[in-house]
Amino acid sequence: AVAQAVAKAAPNDPTAWHLIGRVHAGQGQFAEAADALSEALRVRPDFMPALLDRADVYAEMGKDSAAAADYERAIKLNPRDAVSRVKLGMIYQRTGATTRAEEAYRAALRLDPRLAPAANNLAMMALRAGGNLDEALELARKAVAAAPVQLTVHSKIGRASCRERV
């Protein structure tokens with residue numbers, strides 16, 4: 001209620017609506033979160049924190065095309081945003097657009113080679129498709145180097161190594 005009063009008192013400031021959206025998202029109220037974040041973006045269309053949070057909320061809701069549109073918009077506003085490229089790749093991968101997912105992951109790794117999720121997901125895609133096993137192994141090793149305590153990335157090395165020997 002306080003944040004809504006602040007939002008009404010400062011109609012040209014998106015931060016209160018952004019805060020309201022984050023509170024709703026934190027409580028699992030994703031539709032309300034999306035509405036508040038959309039209001040923040042109505043006030044200021046290039047307000048990156050609200051745009052990124054709304055993309056995440058849409059992804060959580062399973063609204064993949066809306067999430068992808070917001071991630072793509074965020075990338076246009078900030079072409080150096082590697083994390084949004086990874087999240088966009090995950091949306092593409094989830095919807096079966098594997099070529100676009102691969103492009104997004106590779107672009108993310110060009111910007112930040114330490115992004116374990118991008119390397120891990122590319123390795124997984126290569127293994128599933130029976131692609132270049134040497135590249136899959138290299139990507140899996142990059143993922144492990146970037147996130148050594150994340151157990152899911154270690155499994156790709158084993159899978160690539162086993163397939164390599166068969």
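**Exercise 1.** In this predicted model, determine whether Asp46 is buried, partly exposed or exposed, and identify which side chain meets that of Asp46 in a salt bridge.

*Solution.* Step 1: the relative accessibility of Asp46 is 43%. Step 2: buried requires under 20% and exposed over 50%, so Asp46 counts as partly exposed. Step 3: the side chain of Asp46 meets that of Arg44 in a salt bridge, with an N to O distance of 3.1 Å. Step 4: Arg44, with a relative accessible area of 37%, is partly exposed as well.

**Exercise 2.** State which helices hold Glu72 and Arg100, and what their salt bridge ties together.

*Solution.* Step 1: the closest N and O atoms of Glu72 and Arg100 are 3.5 Å apart, and the two residues form a salt bridge. Step 2: Glu72 belongs to helix α5 (residues 64-77) and Arg100 to helix α7 (residues 98-111), so the pair ties together parts 28 residues apart in sequence. Step 3: Glu72 is partly exposed at 28%, and Arg100 is partly exposed at 44%.

**Exercise 3.** Determine how many residues separate Arg106 and Glu102 along their helix.

*Solution.* Step 1: both residues lie in helix α7. Step 2: they are four residues apart, about one turn of the helix. Step 3: their side chains meet in a salt bridge of 3.0 Å, N to O.

**Exercise 4.** Decide whether Ser84 is buried or exposed, and name its contacts beyond four places in sequence.

*Solution.* Step 1: Ser84 is located in helix α6 (residues 82-94). Step 2: its relative accessibility is 3%, so Ser84 counts as buried. Step 3: beyond neighbours within four places in sequence, Ser84 contacts Leu52, Tyr71, Ala74 and Ile75.

Methods
Residues are numbered from 1 along each chain as its sequence is written. This is a predicted model: local features need pLDDT of at least 70, side-chain atom pairs count only at pLDDT 80 or more; totals for chains, interfaces and linings use all residues. Side-chain values use heavy atoms; hydrogens and water are left out. Helices (H or I, at least four residues) and strands (E, at least two) are DSSP runs, numbered from the N terminus. Buried means under 20% relative accessible area, exposed over 50%, partly exposed in between (1.4 Å probe, protein chains only). Contact means heavy atoms within 4.5 Å. A salt bridge is a side-chain nitrogen of Lys or Arg within 4 Å of a carboxyl oxygen of Asp or Glu.
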